[in-house]
Amino acid sequence: MDRTTIIKILIVQRLRRRLKRKQRSVYIRPIFLKRDNDGEQQLVMDLRDDPYYHFRYFRMSKENFDTILDLVTPMISHPANHIRPISPLQRLAITLRYLATGNSQISLAMSFRVSPSSVCGIIRETLAAINQALKSDYLPTASTWINNENQFRTKWNFPHACGSLDGKHIRIKCPSASGSLYFNYKTYFSIVLMALSDADFKFTAVDIGSYGSESDGGILAKSHIGRKISNDTFNLPSPQPLSNTGTPLPYVFLGDDAFPKRHNLLKPNKGNFLQKTDRVFNYRLSRARMTVENSFGIMAARWRIFHSVIEADVDLVKQITLSAVILHNYLMNKKDFNNITPDRFEDGRVQHGNWRDTVQNDNGMIQIPRQGTNNYTQYSAQVRNHFRDYFNSEDGRLSWQDHHVDAGGK
């Protein structure tokens, strides 16, 4: 059979397939033709004249919304070759409502009068655009550790602290053909978000996507953040003394009891009958480490998609999480708290922020379990003891710490 005959056969087969295709009954469904007048798009336009409800609807001010819109418009604009083109404003509105409410994509499709397949594509494209437009400024790859340390020293009374560390399981639906990779010890499916936070409740480094099935010790050890802590490759400042006469000590990150002890990762002392000096150390460390707990809490209170299981594939969940982190940093930098209050201290006592009420009983973000073992080097123990001694000395003591610890604080 010659080449010409083969080409003719292929052409005939293609024509037959085209003839067999089911013809569309309508070019666009009637309910979608009413998008501009009856869909949520009209509400979005009305909200632009009502700053208060715009703030509540999108979980951010109109000014910050418009700044993001200007940045992503070139990346999400499309030629007007459709009878009802979807504008960049509509695309950003759909995506932010998805994050702010956690509503299903089909629900958003019906309320905005957009086809479900279009909503799926819009969310992915817009999240990618947000990440591309804001990541370099609001999730830098190299943190300014000295500035972080200054903030922890002045705001949280913990010198040499460059960040606080925590991790969360983010619940997801069962990924297809994944076996038990994402099935964790709590008997649900998840990926892990490991993060460092600065003293102002902003994330400085994140690691997204570890399998939920990782062992207790494996989550931190296999994460990018964990490896850099373990290998001491975060490029923290050189050791300096805490006081004029003290021993040079390394700059550190602050963790809770879930993490293994390292010379550059401090954790509380364990035990029910600790000496007062150890309880003072625990109080000072826990007080400063609350920053990362607030970072997670404020982000989840704003973006309610984290309040329950995320109904999306793993790649989209990773994209959602990264966008939420970047938008959190962007809005915190703009002092746009959306009426969400963080924890604060008054006379040494914690006053809880209202984000705790918002996320109470949620099951979308779950604390990671204990990581690793209690094995640590002698140097790690010496570092912790030097910090303990400093916090109990005249140079490092806080006026209210003894009263708080004596009253039952740890």
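**View 1. Tyr53 counts as partly exposed, at 42% relative accessibility.** The view is taken from a predicted model. The other residue in this close-up, Tyr52, also counts as partly exposed, with a relative accessibility of 47%. In the structure there are 14 aromatic pairs. Tyr52 and Tyr53 are one of them: their ring centres lie 4.9 Å apart and their planes meet at 85°, so this pair is edge-to-face.

**View 2. An aromatic cluster includes Phe158 and Phe281.** The cluster is made up of Phe158, Phe281, Phe387, Tyr390 and Phe391.

**View 3. Charged side chains sit over the rings of Tyr57 and Phe296.** Over the face of Tyr57 lies Arg97, 3.9 Å from the centre of the ring. At the ring of Phe296, the charged end of Lys168 is placed over the ring at 5.7 Å from its centre.

**View 4. Helix H10 spans residues 145-155 and has buried residues.** Which residues of H10 are buried? They are Trp145, Asn148, Glu149 and Phe152. Around the axis of H10 these residues cover an arc of only 100°, and therefore they lie on the same side of the helix. An α-helix has 3.6 residues a turn, so residues three or four places apart point the same way. What do the buried residues of H10 pack against? Their partners are strands E1 (161-171), E2 (190-197), E3 (203-211) and E6 (252-254), together with helix H13 (276-302). After H10 comes Asn157, which has a positive phi, near 55°.

**View 5. Tyr251 lies in the loop between strands E5 and E6.** Strand E5 covers residues 248-249. Is Tyr251 buried or exposed? With a relative accessibility of 9%, Tyr251 counts as buried. Leaving out residues up to four places away in sequence, Tyr251 touches Glu149, His160, Cys162, Leu236, Pro237, Ser238, Gln240 and Asn264. Glu149 is also among the buried residues of H10. Trp145, another buried residue of that helix, is 106 residues from Tyr251 along the chain, yet the C-alpha atoms of the two are separated by 9.1 Å.

**View 6. Asn131 is part of helix H9.** Helix H9 runs over residues 116-138. Asn131 counts as buried, since its relative accessibility is 9%. Which residues is Asn131 in contact with, leaving aside its neighbours within four places in sequence? The contacts are Gln319, Leu322, Ser323 and Ile326.

**View 7. Cys120 and Cys174 have sulfur atoms 18 Å apart.** A disulfide is a covalent bond between the sulfur atoms of two cysteines. Searching the whole structure gives 0 disulfides. Why is Cys120 not bonded to Cys174? For Cys120, the closest cysteine sulfur is that of Cys174, and 18 Å is too far for a bond. The reverse also holds: for Cys174, the closest cysteine sulfur is in Cys120. Cys120 counts as partly exposed, at 27% relative accessibility. Cys174 counts as partly exposed as well, at 45%.

**View 8. Confidence is lowest in helix H2 and highest in helix H6.** Helix H2 (residues 30-33) has a mean pLDDT of 68, whereas helix H6 (residues 62-76) has a mean of 97. Over the protein, the mean pLDDT is 86, and 90% of the residues reach 70 or more.

Key. Residues are numbered from 1 along each chain as its sequence is written. This is a predicted model: local features need pLDDT of at least 70, side-chain atom pairs count only at pLDDT 80 or more; totals for chains, interfaces and linings use all residues. Side-chain values use heavy atoms; hydrogens and water are left out. Buried means under 20% relative accessible area, exposed over 50%, partly exposed in between (1.4 Å probe, protein chains only). Helices (H or I, at least four residues) and strands (E, at least two) are DSSP runs, numbered from the N terminus. The arc is that of the directions from the helix axis to the C-beta atoms. Contact means heavy atoms within 4.5 Å. A disulfide is a pair of cysteine sulfur atoms within 2.5 Å. Rings of Phe, Tyr and Trp (its six-membered ring) pair if their centres lie within 6.5 Å; planes under 30 degrees apart count as stacked, over 60 as edge-to-face and the rest as tilted. A charge sits over a ring if NZ of Lys or CZ of Arg is within 6 Å of the ring centre and within 35 degrees of the ring normal. pLDDT is the predictor's confidence in each residue, from 0 to 100.
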